[in-house]
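Visitor: I am new to this structure and would like a close look at a single part of it. Please choose an open space between the chains, say what lines it, and then relate it to its surroundings.

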Amino acid sequence: MKFARIILANLLRKKIRLFLTLGSFAVALFLFVFLAVVRDAFTRGADVAGADRLWVINRTSIINPIPLSYRDKIARIPGVKCITHDNWFGGIYQDEKNFFPQFVIDPENQRQVFPELIVPDDQWNAFVKDRQGVIAGARTAERFGWKIGDRIPLKSTIYGGGAWEFNLVGIYHGKRPQDDETQLWFQWDYYEERMVQAYKGNVGWYVLRVEKPDDSVRVAKAIDEEFANSANETKTETESAFAANWVKQLGNIQFLIVSIGTIVFFTLLLVTGNTMAISVRERTSELAVFKAIGFSDRAVLFFVLAESLAIALIGGVIGLLSALLLIPVLAKALSGLLPNLILSPTMLASGLLVALLVGLASGLLPGLGAMHMRVVNALRRV
Amino acid sequence: MVKVDGSGGQSSLIQVRDLDKTYRRGGEVIDVLQGLNLDVEAGEFVAFMGPSGSGKSTLLNLLGGLDVPTRGRITVAGDEITHMSSGRLTEWRARHVGFIFQMYNLIPVLTAFQNVELPLLLTKLSKAERRSHVETALGVVGLTDRMHHFPRQLSGGQEQRVTIARAIVSDPTFLLCDEPTGDLDRKSADDVMTIIEELVGRHHKTVLMVTHDPVVAARASSILHLDKGVLVEGKHASQLTGAGGVA
């Protein structure tokens, strides 16, 4: 602690340079954390997946339907606890840019299969009773300022066009912050009733829960064998594998985010490293005096590293505080364009770790230079 | 009495024997010091004079453990420093040497008090003990009232006095002064030399000083001349003044 005053005095030696370096550090770290949050939002599916849930899709592609008649056959397979089905709707609310996912659901089994998405009982009962009823996720309802009782019109894009009118009867919330609260659900019966004959009796995919998660592989195999060599063969996989495959399709986005993040990291390293190198070079003779009067090589290295770590820590904390304040604002502004952006404590800790690593790395080279400099040569530079 | 012929006894505080220092510049070998012998008793005030490039500062750096000789040995208060490791030499410097540089070399972001306190941060002294030592050292150089000033707020002479306080605060075995008045006007130089004389006379410090200035050198008890790497005894201060060689 008796050296703290020396470190602080050196840190505050050039206040404008310190301010600019801290600013650069804070902005870069904010950007780094923001990119990490975006990346996490895209890859979160596999993390939040239910361990006991399986997804059954058409083996050809997820856009190919599966007959509704499969439901009972799947439900009879030993180990299946409950099953529901969904269809992608793809309607437009007012304008194409107002995108949010809309699903046709099976009201009878939805809540058993997705227990983490909570709908109050009275709202759920109203939904079941109203054929045109819809339940919206809390984020989507907040985004468009919807309240229960509102009339929601959607324009269909894939089922022959036309306007669909709905009554908002409920709003669901996720149990966990990372649960998707952007969906809109409406009833299978209303959908089926308005479908042209060619589309009737087909679902987009099935989602089921198994009795024991350890049994998932056997159940998935049994389902696919059941429909092998049929006109609509199935592909069954765990929810986490399904989510992981989904993310793989976003591979280029992930690569882009990781690339930008890496560039930001190295820019951070160069900015801080440059500041420290200049700062140490300016003080060569002072550091030589420290050594002349008896400070060891390691003490000189410690002074330089302590200074670069202090810059990293202060700049890092400013960057992380900015992230804490701004990411919820950005998440709201980007609602519908990106999955929910969540800044977790783990991410904050990782940000702090990155800051400290950058601080350490940027101070190391100038510090080693100062440590190994010859006092006689350094004093001659005065 | 200082001796340069290697005839000094074991009682000498500083004993230098057969000291060579060679530099290589490209393919050229430059002999800066050649077979130098020196014996300095405790409490002596020795001035080294000589033309530029004669090896004065090199000798001072070697005596202060800032540089290592090519050949020969230096013994200070019974410790042979020529074969010490870099780490041990650093510890030795902290205990035995006080440096006074021509350009003061104070840390500009620290106050006079904090600059003087620096060597004490390497000791186990408490904060109160450090304060007491620093105030005493600043008192010796007459700067108690300037202890909270930064170097930029002090005159050149005052800065050099702070440097002297920093050099003496840990009570080192000897002081090495490299052109201590080289950057000062005559009045300030005189003040600084008076302090150094008091350190020798009243506090029995051993001082080795390099200077170009015969007036300053005349304040020392012995003057040695370095020329082409060889040390020769010069005229004593009283002889210099007596001969009217100095103003």
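The second largest pocket

Guide: Six elements each supply at least two residues to the lining of the second largest pocket: helix 14 (375–380) of chain A, and from chain B strand 1 (14–25), strand 2 (28–40), helix 1 (56–63), strand 6 (97–100) and strand 7 (174–178). The model described here is a predicted one. The pocket has a volume of about 810 Å³, and 33 residues line it. Nearest to its centre are Arg380(A), Ser57(B), Thr58(B), Asn61(B) and Asp178(B).

These central residues can be placed on the elements just named. Arg380(A) falls in helix 14 of chain A, which covers residues 375–380. Ser57(B), Thr58(B) and Asn61(B) belong to helix 1 of chain B, residues 56–63. Asp178(B) is in strand 7 of chain B, residues 174–178. Helix 1 of chain B is also the element that gives the most to the lining, with 5 residues. Sorted by class, the lining has 14 nonpolar, 11 polar and 8 charged residues.

One of the pocket's elements leads on to an enclosed space. Across the whole structure, a search finds 3 cavities of 30 Å³ or more. The second largest of them holds about 70 Å³ of space. Its lining consists of Ile293(A), Ala94(B), Val97(B), Gly98(B), Phe99(B), Pro119(B), Arg166(B), Ala167(B) and Ser170(B). Two elements of chain B, strand 6 and helix 5 (156–168), give two or more residues each to that lining. Strand 6 of chain B, already met as a contributor to the pocket, gives the most to this cavity, with 3 residues. By class, the cavity lining divides into 6 nonpolar, 2 polar and 1 charged.

The largest cavity has a volume of about 110 Å³. Among the residues that line it are Asn10(A), Leu11(A), Arg13(A), Lys14(A), Arg17(A), Thr275(A), Glu307(A) and Ile311(A). Helix 1 (4–11), helix 2, helix 10 (251–282) and helix 12 (297–333) of chain A are the elements that give two or more residues to this lining. Helix 2 of chain A has the largest share, with 3 residues. The classes here are 3 nonpolar, 4 polar and 4 charged.

Helix 2 of chain A, residues 15–48, also holds Gly23(A). With a relative accessible area of 29%, Gly23(A) counts as partly exposed, because that class lies between 20% and 50%. Gly23(A) and Gly316(A) are 293 residues apart along the chain, while their C-alpha atoms are separated by 9.6 Å.

The chain that gives helix 14 to the pocket can also be taken as a whole. Chain A has 14 helices and 12 strands. Its radius of gyration is 29 Å, well over the 21 Å that the globule rule gives for 382 residues, so chain A is more spread out than a compact globule. The C-alpha trace of chain A spans about 95 × 45 × 35 Å along its principal axes. Of its 382 residues, 51% count as buried. Among contacts in chain A with a separation of 6 or more, 81% are between residues 24 or more positions apart.

Some backbone details complete the account. Most residues other than glycine have a negative phi. Gln94(A) has a positive phi, near 65°, and lies in the loop between strand 3 (80–88) and strand 4 (102–105) of chain A. Its relative accessibility is 65%, so Gln94(A) counts as exposed. In chain B, Ala77(B) has a positive phi near 50° and sits in the loop between strand 4 (71–76) and strand 5 (79–80). Ala77(B) is partly exposed, at 43% relative accessible area.

Another positive phi occurs in a hairpin of chain B. Strand 9 (residues 222–227) and strand 10 (residues 230–233) run antiparallel and are joined by 4 bridges. In this pairing, Leu224(B) stands opposite Glu233(B) of strand 10. The hairpin has 2 residues between its strands, and Lys228(B) in the turn has a phi of about 50°.

Terms used:
Residues numbered from 1 in each chain as written. Chains lettered and ligands numbered in written order. Predicted model: local features only at pLDDT ≥ 70, side-chain atom pairs only at ≥ 80, totals over all residues. Heavy atoms only, no water. Buried < 20%, exposed > 50% of the residue type's maximum accessible area, 1.4 Å probe, protein only. 1 Å grid on protein atoms, 1.4 Å probe; cavity = no way out; pocket = protein on both sides within 12 Å on 5 of 7 lines; lining within 4 Å. Points joined across faces, edges and corners; volume = space filled by probe spheres on them. Nonpolar A, V, L, I, M, F, W, Y, C, P; charged D, E, K, R; others polar. Pairing = 2+ DSSP bridges. Rg over C-alpha atoms; globule rule 2.2 N^0.38 Å. Contact = heavy atoms within 4.5 Å.
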